[in-house]
Amino acid sequence: MARDIARILGASEKQDGYLSGNGYLVTWAFGHLVGLAMPEAYGIQSFRRESLPIIPDSFQLTPRQVKAEKGYKADPGALKQLKVIKDVFDQSDKIIVATDAGREGELIFRYIYQYIGCNKPFVRLWISSLTDKSIREGLQNLKAGSLYDSLFLSAQARSEADYLIGINGTQALSVAAGQGIYSLGRVQSPTLAMICTRFLENKNFIPQKYWQLKLQSAKDDITFTALSADKYDAQQTAIDTLQRIKEAETVRVKSVERKEVNQEPSLLYDLTSLQKEANTKLNFSADKTLSIAQKLYEGKLISYPRTGSRYISQDVFEEIPERLVNLEQYARFAGYAAGMKGKALNSRSVNDGKVTDHHALIVTENLPGKMEADEQAIYELIAGRMLEAFSEKCVKDVTNVTLECAGSLFTVKGSVTKSAGWRAVFGEKEDGEDNATLPVMQDGNSLSLSGIELLEKQTKPKPLHTESSLLSSMETAGKELENAELKASMKDTGIGTPATRAAIIETLFSRQYIIREKKNLVPTEKGLAVYNIIRDKKIADVEMTGMWENTLAKIESGEMTPDTFRKGIEVYARQITAELLDVQLSFASGGNCVCPKCKTGRILFYPKVAKCSNVDCSVTIFRNKSEKQLTDKQITELVTTGKTGLIKGFKSKNGKVFDASLAFDGQFNVTFVFPERKESPKNKMEIVIFATESFIIDKFIIEFCG
């Protein structure tokens, strides 16, 4: 973005962290360089019952943090770029803010502006696309920065509320659990609830049998089948009907309905719809799809991937014919793209009013060279969807026929494609087509009965969530809310954003709340345990997100003050903290092993570690020791006796296998204890060998001496 804007401004001189020239300095952020400080910055000890709830009087800002060996530290890259930004601001008379035209883009700038203590005046470049025309028009119509104060207040309120709920919910649940971190959050928790609810519905579903009749008939040498309109709950009723129909010789055409159906192409991809399609067709995770799309974007092959819009603006539409001509040089789409030349383009995906921070995903004017297979697959999804979106409608003749035989009704549907239109891009057939072609039939026609059979079927539960279906549920969350105002507030938002949904799903994996079984998302015991605690609480309810989005929209429009929202969130944070601290549970297994160091805590067993339940005690036993996974029995022996028996199969750093016992040292660190060497025989033989062929000698010594 900075390069594109700098080129328009004539700032072509590359400096360290910024571009300069023609009276302009152009610098950039990369994501949130500044965020809200963690509890330790306020002198509060984390994960202590007495510290909760954590509600700062006023929030402090800090550079982006990264995980360190002990706790967190400032990201060196963020610190470096913040210094660059401060130096650039200090040299400037006025700032032009060109971050994303939306809530998070405004927050990124304002937090940086506040953190470095800047007081220079600023104006806003508010554009929805990065075409040269759009940038030039935006620079000629810069907006006063104060016009976006309410947008910032809304973003700040969202940021602080997420902090209060996430920090307190996570720490309260973790303290109640006794050890370990069990994260909760405004989006994470309802997402986990969606997965667990679907899993339990599926697991507890009791299938019900039913029966249908399948009739076969023919006309003009075209054979077809039709299903009974009725579904029979009682098998005997279905058998009686079958017998009655068998005695009939003819089938009467009761009604024929023919109509031409025009199928519009799908809209262009936003990130979520791309992730759903890639999961369904390519079995890619949402995170993998985003990572590949980001790589294609950085390679200047596609537009900005983290978009929530499926539309483009009119000025971008004017560039589409050139992009389509470009695709004539891409082997897979060359023929189809050439066939679009001179045709009027479908404008269904063109709507200035529905373009959000960024327009829909499209390919750029740059043709790709050699790509990795996964990159090529994502590029072709985006390029193919672009061709589809601007193509003609698919036109079909659809026929619905109702038949009658011995008083029972049967239905059949057929369709004939008159013009494939956009469906010709990938040549895919529509799901659910019963018969591609039916014979010509008229009302009252009498047909011969060729056969009839009884089909035994059973009801099926909703399938387990895949990443594709979960993304859909996150995107449309709230559609079942009864409150019309809340439902409307979530209509175009759902929970999470296109940019964060993949990260939310990956967080559930990293927290060991869910696992993948083939394509399905399945909760772990830990995930179900968390769900059982939070399922009746607002933190797991999409209604809370709806209330937040509704209130944040009012702050943005000036109808509500942030202070009113903040007070409500503080009340809720105290409520959820108290509820969770009262929960009596432990997610860890383990008996009544008393900690050998503090003598007050007990050892809790986790998948990767065993730790003392006393937060002030440092006893920690990692299960993986020199590539050997310790069992509960071995850890219990170490804790209760101070030493294990001989454990075989440890592996040193240079790959050599060895056997040893484990024991605590004076500071209760786990150390190796090697078995004593046996005395050599009295008549021992000492061998001294001089040679140059070291491999042969090593082999000899090993074989001879053991």
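Two strands pair if DSSP finds at least two bridges between them. Strands here are DSSP runs of E, at least two residues, and helices are runs of H or I, at least four residues, each numbered from the N terminus. Keep that in mind for the hairpin.

A word on the source. This is a predicted model, where local features need pLDDT of at least 70, side-chain atom pairs count only at pLDDT 80 or more, and totals for chains, interfaces and linings use all residues. Residues are numbered from 1 along each chain as its sequence is written, and side-chain values use heavy atoms, with hydrogens and water left out.

Now the hairpin. Strand β17 covers residues 514-517 and strand β18 covers residues 520-523. They run antiparallel, joined by 4 bridges. I515 of the hairpin faces V522 in β18. How many residues sit between the strands of the hairpin? There are 2, and K518 takes a positive phi near 60°. K518 is not a glycine. In general, most residues other than glycine have a negative phi, and most peptide bonds are trans. K518 sits in the loop between β17 and β18. Is K518 buried or exposed? K518 is exposed, at 80% relative accessible area. The cut-offs: buried is under 20% relative accessible area, exposed is over 50%, and partly exposed is in between, using a 1.4 Å probe and protein chains only.

Stay in β17 for R516. R516 counts as partly exposed, at 40% relative accessibility. Leaving out residues up to four places away in sequence, R516 touches S285, E467, E506, F509 and L521. Contact means heavy atoms within 4.5 Å. R516 and L82 are 434 residues apart in sequence, and their C-alpha atoms are 39 Å apart in space.

Two other backbone points. F668 also carries a positive phi, near 65°, and is a residue other than glycine. F668 belongs to the loop between β25 (657-664) and β26 (670-673). At 23% relative accessibility, F668 is partly exposed. Then the peptide bond from L52 to P53: it is cis, with omega near -5°. P53 is in the loop between β4 (34-36) and β5 (61-63).

Next, L267. Where is L267 found? In the loop between β13 (250-263) and α8 (271-282). L267 is buried, at 13% relative accessibility. Not counting residues up to four places away in sequence, L267 touches R310, Y311, R348, S349 and R385. L267 and A360 are 93 residues apart in sequence, yet 8.9 Å apart in space, C-alpha to C-alpha.

On to the sheets. One open sheet has 3 strands in the order β1-β2-β3, with antiparallel pairing. Its edge strands are β1 (13-14) and β3 (24-27), each pairing on one side only. Strand β2 (residues 18-21) is joined to β1 by 2 bridges. K14 stands opposite L19 in β2. Helix α1 (residues 2-9) packs on this sheet and touches β2 and β3, with its direction at about 170° to that of β3. Helix α2 (residues 76-91) lies across β2 and β3 and runs at about 160° to β3. For these angles, axes are lines fitted to C-alpha atoms, for helices over the stretch in contact, and angles run from 0 to 180 degrees between N-to-C directions.

A second open sheet of 3 strands has the order β19-β20-β21, again with antiparallel pairing. The edges are β19 (603-605) and β21 (620-622), each paired on one side only. The twist averages 15° from one strand to the next. Strand β20 (residues 609-612) runs antiparallel to β21, with 3 bridges. A610 has I621 in β21 as its bridge partner. Helix α20 (residues 632-641) lies across β19, β20 and β21, at about 170° to β19.

Last, the helices. Helix α3 (residues 103-115) and helix α5 (residues 149-177) pack at about 85°, with axes 8 Å apart. That makes α3 roughly perpendicular to α5, a label for angles of 65 to 115 degrees. The contact includes R103, L107 and Y111 of α3, and L151, F152 and R158 of α5.

Finally, helix α6, residues 188-204. Why does its length agree with expectation? Because 17 residues at 1.5 Å a residue should span 24 Å, and the end C-alpha atoms are 24 Å apart. The expected span is 1.5 Å times one less than the number of residues. The buried residues of α6 include L192, M194, I195 and F199.

Conventions
Angles under 35 degrees count as roughly parallel, over 145 as roughly antiparallel, 65 to 115 as roughly perpendicular and the rest as oblique.
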